[in-house]
Amino acid sequence: MTSYVAHIPDEKGFIAYGDDENAVWRDLFARQKTNLPNKACTAYLDGLAKLNLPDERIPQLFDVDDVLLRETGWRTSAVPALISFGKFFKLLANKEFPVATFIRTREDFDYIQEPDIFHEILGHCPMLTHPAFAKFTEVYGKLGVNATKEERVFLARLYWFTMEFGLINTPDGLRIYGGGILSSPAETNYALSDTPELRPFDIMDVLRTPYRIDKVQPIYYVIDDEETLFDVANMDILAKVHEAMSLGLYELHPSLRQSA
């Protein structure tokens, strides 16, 4: 359940956001822009530069689409605050990235469980300008369309520990590519601190690792380079899912057991 209501675009795809909503975007964007250099990966920073997002107002989706279509053939799709797994997978399979057309309130300025437009546009869309991340997301969507309910639960962990909360090794050191981190100033700093546990990416470990959406991540999986996601996209991922289902989940991390 959510208290947020998404805006409906007019016949030209335009959304008239209010002054308060645009001010929230402005302040979120200003804070995170100063936080990303030397923390976000090069692919993300390059994508952010290509998108050329406005500082003072929430961007219109057709402006974002112009860049995504040119770079990788992707586009956005305006959706309500929450959508079903089935709808999510179908959109990704069609190279359409779901964007909830609302922005958080001041009360939820630092953390919001629902993916708002700031999370989707600033967190994810820059990565969709890069071929490896765009291809992985498309393949993931196609897998999910025909997956069973039980398979989708395991597939959700793959997306969570990559496109939402993934880290990558680079010649300049550890960097962030996951949109869930990159849209959160607090988690951007936390992810590269000495606090969380870093594990090398292994698809079987990822599929078996439980998580919670309402707590900071105690574990991050680290890919070696962008080509890792091409490799994963070319795997028989559902075979890996079935193997993970037969093996079962790892124990929940101790820091996630509180108030579980």
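This report describes selected strands, helices, salt bridges and buried residues of one protein model.

## Basis of the model

The structure is a predicted model, in which local features need pLDDT of at least 70, side-chain atom pairs count only at pLDDT 80 or more, and totals for chains, interfaces and linings use all residues. Residues are numbered from 1 along each chain as its sequence is written, and side-chain values use heavy atoms, with hydrogens and water left out.

Helices (H or I, at least four residues) and strands (E, at least two) are DSSP runs, numbered from the N terminus. A residue is called buried under 20% relative accessible area, exposed over 50%, and partly exposed in between (1.4 Å probe, protein chains only).

## Strands S1 and S2 with helix H4

Strand S1 (residues 75-79) runs parallel to S2, and five bridges join them; two strands pair if DSSP finds at least two bridges between them. One of these pairings sets Val 79 opposite its bridge partner in S2, Ala 100. Between the two strands the chain passes through helix H4 (residues 85-93), and this β-α-β crossover is right-handed. That word means that, with the strands pointing away from the viewer, the path from the first strand over the helix to the second runs clockwise. Strand S2 (residues 96-100) has four of its five residues buried, so it is largely enclosed by the rest of the structure.

Helix H4 has the buried residues Phe 88, Phe 89, Leu 91, Leu 92 and Ala 93. They pack against S1, S2, helix H6 (131-146) and helix H7 (149-164), where contact means heavy atoms within 4.5 Å. After H4 comes Lys 95, which has a positive phi near 60 degrees.

## Strands S3, S4 and S6

Strand S3 (residues 167-170) and strand S4 (residues 173-176) are antiparallel and are joined by four bridges. The two strands form a hairpin with two residues between them. Within this pair, Leu 167 has Ile 176 of S4 as its bridge partner.

S3 also pairs with S6, this time in parallel, through two bridges. Here the bridge partner of Ile 168 is Ile 223 in S6.

## Salt bridges

Side chains of opposite charge can pair when their charged atoms come close. A salt bridge is counted when a side-chain nitrogen of Lys or Arg is within 4 Å of a carboxyl oxygen of Asp or Glu. By this rule the count comes to twelve salt bridges. Among them is the pair Lys 50 and Glu 71, with closest N and O atoms 3.4 Å apart. This pair links distant parts of the chain, with Lys 50 in helix H2 (residues 42-51) and Glu 71 in helix H3 (residues 61-71), 21 residues apart. Lys 50 is partly exposed at a relative accessible area of 36%, and Glu 71 is partly exposed at 30%.

Glu 71 forms a salt bridge with Arg 70 as well, at 3.1 Å between the closest N and O atoms; Arg 70 is exposed, with 55% relative accessibility. Another salt bridge joins Arg 257 to Glu 251, with the closest N and O atoms 3.2 Å apart. Arg 257 is partly exposed at 43%, while Glu 251 is exposed at 68%. In addition, a network of salt bridges links Arg 26, Asp 27 and Arg 106.

## Arg 208, a buried charge

Arg 208 lies in the loop between helix H10 (203-207) and strand S6 (219-223). Which side chain of opposite charge is nearest to Arg 208? It is that of Asp 205, 5.5 Å away, and Arg 208 is buried yet has no salt bridge. For this purpose Lys and Arg count as positive and Asp and Glu as negative, while His and the chain ends are not counted.

A polar atom of the Arg 208 side chain does lie 2.6 Å from the backbone oxygen of Gly 248. Leaving aside residues up to four places away in sequence, Arg 208 touches Ala 244, Leu 247, Gly 248, Leu 249 and Tyr 250.

## Two further buried residues

Ser 184 is placed in the loop between helix H8 (179-182) and helix H9 (185-191). Ser 184 is buried at 13% relative accessibility, and its side chain reaches the backbone nitrogen of Glu 187 at 3.1 Å.

Val 232 belongs to helix H11 (residues 227-233) and is buried at 1% relative accessibility. Not counting residues up to four places away in sequence, Val 232 touches Phe 136, Phe 201, Ile 203 and Ile 237.

Methods:
A polar contact is a pair of N or O atoms within 3.5 Å; within protein, one must be able to donate a hydrogen and the other to accept it, and residues adjacent in sequence count only if both atoms are side-chain atoms.
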